[in-house]
Amino acid sequence: MIDAHHHIWRQADLPWLLGPEQPRIFGPYESIKRDYMIEEYRKDLKGTGITGSVYVQANWAPNWALDEARWVQAEADRTGWPMATVAFADMTRRDCAQKLKALSDISGVVGIRHQFHWHENPLYRFAPHPDLCTDTTVQANVASLADYGFSFDLQVFAGQMKGAVALAKACQEVTFILQHAGMLEDRSKKGRAAWMAGMKALAECPNVVCKLSGLGTFIHKNDPKHIKDQVDVALKLFGAERCLFGSNYPIEKLWTSYAKLFSAHQDAVPKKHHSTVFNETAARVYRLRF
């Protein structure tokens, strides 16, 4: 079984992530302002049956993106974990092609994440404005990921999903992995309706898959009922063959153990779909071989 979304880090390398200026979308996080190395991550996995993982970029300073990917690869060479890396590249820059070429020379890099999510609440805001998905430079850079066989981890809120559909349609040779099942942060009737509409539109794009990760982000707890609600929607719209599991660890270590988090996801996914959701989809979209 594969964890398709986790982070490891050394605190000394991450002033960008751990400094006071960063949005605290998941609340206070003093307990993870420290080294979180692969050995601790694997200890957290004990007893879960997880046999592989994909590292997703952890917001090092943007000018350190190549250093981050190289360090993660060194850890993979040292320990055998993670099996692949989703690195960062700034999709808004005209010199992005040079960065992608350098990243493609790192054997474990299989995809890119540049977080596009923007929100009226500044604590939830990572992007400079809400319309990155429809920016022509962004679309050209994302389309160029196909030249390297890279996927794109897509992170947007419901209000940005119309633009995300346009991006997916403009880059049909690229596989998009929708982060955190579309980031349902507004659970009001109106907010949920907007999320559902956006999820339906994204599911109609055959090159978009849905990552079941970070589902505790906005409630700051591991709630099996909340998880099952979103998993049910994702499975209905995308189908099991276009859904995959990701732990978002150690972020969710703030409020739960890995075993409890994984158990809640296993209970939410019908057993007939376990092999697909917890293994096959991630192995396919991230091109894992182990």
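This report looks at salt bridges, aromatic pairs and two single residues in a predicted model.

**Asp153 and its partners**

Start with Asp153, which lies in strand β5. Is Asp153 buried or exposed? Asp153 has a relative accessibility of 0%, so Asp153 counts as buried. Its side chain makes a polar contact of 3.0 Å with the side chain of Lys211. The side chain of Tyr286 also makes a polar contact with that of Asp153, again listed at 3.0 Å.

The link to Lys211 is a salt bridge too, with the closest N and O atoms 3.0 Å apart. Lys211 sits in strand β7 (residues 208-212) and Asp153 in strand β5, so this pair ties together parts that are 58 residues apart in sequence. Lys211 is buried, with a relative accessible area of 0%.

Which other residues does Asp153 touch? Leaving out residues up to four places away in sequence, its contacts include Val56, Val86, Ile112, Arg113, His114, Ile177 and Gln179.

**Salt bridges**

How many salt bridges does the structure hold? The count is 10. Three of them are set out here.

| Salt bridge | N to O distance |
|---|---|
| Glu39 and Arg78 | 2.8 Å |
| Asp44 and Lys253 | 2.9 Å |
| Asp153 and Lys211 | 3.0 Å |

Take Glu39 and Arg78, which form a salt bridge. Glu39 is in helix α2 (residues 38-45) and Arg78 is in helix α3 (residues 65-79), so the pair links distant parts of the chain, 39 residues apart. Glu39 is partly exposed, at 42% relative accessible area. Arg78 is partly exposed as well, at 47%.

Now take Asp44 and Lys253, whose side chains meet in a salt bridge. Asp44 lies in helix α2, while Lys253 lies in the loop between β8 and α9. The two are 209 residues apart along the chain. Asp44 is buried, with a relative accessible area of 18%. Buried means under 20%. Lys253 has 25% and is partly exposed.

Asp44 and Lys253 also belong to a network: salt bridges that share partners join them with Arg34 and Glu40.

**Aromatic pairs**

Rings pair up as well. A search of the whole structure finds 14 aromatic pairs. One of them is Phe116 with Phe152, which is tilted. The ring centres are 5.4 Å apart, and the planes meet at 40 degrees. Where do the two residues lie? Phe116 is in the loop between β4 (109-113) and α5 (136-143), and Phe152 is in strand β5 (residues 151-154). The pair therefore ties together parts that are 36 residues apart in sequence. Both Phe116 and Phe152 are buried.

Phe245 and Phe262 are a tilted pair too, with ring centres 5.1 Å apart and planes at 55 degrees. Why does this angle count as tilted? Planes under 30 degrees apart count as stacked and those over 60 as edge-to-face, so the rest are tilted. Phe245 lies in strand β8 (residues 243-245) and Phe262 in helix α9 (residues 258-268), so the pair ties together parts that are 17 residues apart in sequence. Phe245 is buried at 1% relative accessible area. Phe262 counts as buried at 2%.

Phe245 and Phe262 are part of one aromatic cluster. Its other members are Tyr41, Trp81, Tyr249, Tyr258 and Phe278.

**His273**

Last comes His273, in the loop between α9 and α10 (274-285). His273 counts as partly exposed, at 24% relative accessibility. The C-alpha atoms of His273 and Glu241 are separated by 8.5 Å. Along the chain, His273 and Glu241 are 32 residues apart.

Key:
Residues are numbered from 1 along each chain as its sequence is written. This is a predicted model: local features need pLDDT of at least 70, side-chain atom pairs count only at pLDDT 80 or more; totals for chains, interfaces and linings use all residues. Side-chain values use heavy atoms; hydrogens and water are left out. Rings of Phe, Tyr and Trp (its six-membered ring) pair if their centres lie within 6.5 Å; planes under 30 degrees apart count as stacked, over 60 as edge-to-face and the rest as tilted. Helices (H or I, at least four residues) and strands (E, at least two) are DSSP runs, numbered from the N terminus. Buried means under 20% relative accessible area, exposed over 50%, partly exposed in between (1.4 Å probe, protein chains only). A polar contact is a pair of N or O atoms within 3.5 Å; within protein, one must be able to donate a hydrogen and the other to accept it, and residues adjacent in sequence count only if both atoms are side-chain atoms. Contact means heavy atoms within 4.5 Å. A salt bridge is a side-chain nitrogen of Lys or Arg within 4 Å of a carboxyl oxygen of Asp or Glu.
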